[in-house]
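Welcome! Here are some exercises with worked solutions to help you find your way around a new structure. Take a look at the sequence and the 3D view, then work through each task at your own pace.

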Amino acid sequence: MHRQASLDWTIPQDWAHFTATDHRVWDHLFDRQTRLLPGRVAPEFLAGLRLLDLGRPGVPDFARLNDQLMALTGWQVVAVPGLVPDAVFFDHLAHRRFPAGNFIRRPDQLDYLQEPDVFHDVFGHVPLLAHPAFADYMQAYGRGGLRAADHGAIDRLARLYWYTVEFGLIRSPAKGDGGLAIYGAGIVSSHGETRFALDSSSPNRIGWQLQRVLQTPYRIDAYQQAYFVIDSFDDLLRVTLETDFGPLYQRLAGRADLPITAILPDDRVFTRGDQHHGGLLPA
Ligand code: HBI
Ligand code: FE
């Protein structure tokens, strides 16, 4: 594969290179997730799917998708061969460009894949980029990443991305106090974790606090054992913009990480008690 096609690692999407099998894989994954998500995912995600017309069959054509996304929030999706270096990734986000892997998993890899493919990147990440507060949060993260590099704190900041953008939960007023919904792309694009994150009695679900999350490591090879719950996308954006990360990194530098499964005295713990969701609601 031609890896570094240009300095920013972008390559043409060349939509025509996707095969009939590729499009069938997209359609299969899309149908499976959109049947499962209503009642489980944040309503802003479903609104994004609709606003961006992602229900059309086949791998989305970025030229068309970008016209709509640009008009809504000024974001663009750019194609990359796979994982790109941290600094390149942050620079794209800081300029409101989301890098999406320009390939799709094989039919025998529907449930698990190590590198982010176009299904994870576009189905998982792009719908919320149509939401103004979340769109601004992603850009703020990119800018923060560029600054974190100067503090040697990329690994710490990456935990914020992991526990929000990839595996975040959000309070769901529609389901009453204590009701939760998923929004993280790693959950939303995974059939198994969509159920696990809300239904399993095994993981902790803890109220999101920025400093708490920066002290919590994560595993990339299993369903999460800790999820963090935001109140709203506005709240996530506000706290992130108001925080001066430099002093925070300095304060945390000498401290040991928390065990992933820790529950601290100050944690707000959400219990499974009053989760209601209608997984069979029509999309
Ligand atoms: N590259 N294509 C791609 N997608 C990612 O999600 C990604 C990446 N490079 C680095 C990265 N993520 C993360 O490790 C950063 O958040 C630190
Ligand atoms: Fe991702």
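**Exercise 1. Does T19 count as buried, partly exposed or exposed?**

Before starting, note that this is a predicted model, in which local features need pLDDT of at least 70, side-chain atom pairs count only at pLDDT 80 or more, and totals for chains, interfaces and linings use all residues. Residues are numbered from 1 along each chain as its sequence is written, chains are lettered from A and ligands numbered from 1 in the order in which they are written, and side-chain values use heavy atoms, with hydrogens and water left out.

Step 1: Recall the cut-offs: buried means under 20% relative accessible area, exposed means over 50%, and partly exposed is in between (1.4 Å probe, protein chains only).
Step 2: T19 has a relative accessibility of 39%, so T19 is partly exposed.
Step 3: Now place T19 on the chain: it belongs to the segment before α1. Helices here are DSSP runs of H or I with at least four residues, strands are runs of E with at least two, and both are numbered from the N terminus.
Step 4: Finally, try a distance. From T19 to A42 there are 23 residues in sequence, and their C-alpha atoms are 32 Å apart in space.

**Exercise 2. Look at the backbone of W9 and D14, and compare their surroundings.**

Step 1: W9 is not a glycine, yet its phi is positive, at about 70 degrees.
Step 2: D14, also not a glycine, has a positive phi of about 45 degrees.
Step 3: W9 sits in the segment before α1 (20-36), and D14 is in the segment before α1 as well.
Step 4: With 14% relative accessibility, W9 is buried, whereas D14, at 48%, is partly exposed.

**Exercise 3. Which residues supply the protein donors of the iron ion (ligand 2)?**

Step 1: Donors are N, O and S atoms within 2.8 Å of the metal (3.2 Å for Na, K and Ca); water is not among the atoms, so sites may look incomplete.
Step 2: The protein donors are NE2 of H120, NE2 of H125 and two OE entries from E166, at 2.0 to 2.8 Å from the ion.
Step 3: Along the chain, these donors follow the spacing H-x4-H-x40-E. H120 in helix α5 (residues 118-125) and E166 in helix α7 (residues 154-166) are 46 residues apart, and this pair links distant parts of the chain.
Step 4: Check the geometry. Four donors count as tetrahedral if all angles lie between 85 and 135 degrees; four count as square planar and six as octahedral if opposite donors are over 155 degrees apart and all others between 65 and 115; anything else is irregular. The angles among the four donor atoms run from 52 to 136 degrees, and the site is irregular.
Step 5: Both H120 and E166 are buried.

**Exercise 4. How are α6 and α11 oriented relative to each other?**

Step 1: Axes are lines fitted to C-alpha atoms, for helices over the stretch in contact, and angles run from 0 to 180 degrees between N-to-C directions.
Step 2: Helix α6 (residues 132-150) packs against helix α11 (residues 233-242) at about 30 degrees, with axes 9 Å apart.
Step 3: Angles under 35 degrees count as roughly parallel, over 145 as roughly antiparallel, 65 to 115 as roughly perpendicular and the rest as oblique. The two helices, α6 and α11, are therefore roughly parallel.
Step 4: Contact means heavy atoms within 4.5 Å. Among the contact residues are F134 and Y137 of α6, along with L237 and L241 of α11.
Step 5: In α11, the buried residues are F233, D235, L236, L237 and T240. Their cover includes α2 (43-51), α6, α7, β3 (169-171), β6 (226-230) and α12 (245-253).

**Exercise 5. Repeat the analysis for α4 and α6.**

Step 1: Helix α4 (residues 86-94) and α6 have axes 7 Å apart and an angle of about 140 degrees.
Step 2: These two helices, α4 and α6, are therefore oblique to each other.
Step 3: Residues in the contact include F90 and L93 from α4, and M138 and L146 from α6.

**Exercise 6. Is F62 buried or exposed?**

Step 1: Find F62 in helix α3 (residues 62-73).
Step 2: Its relative accessible area is 4%, so F62 is buried.
Step 3: Leaving aside neighbours within four places in sequence, F62 has contacts that include Q13, V77, A100 and V122.
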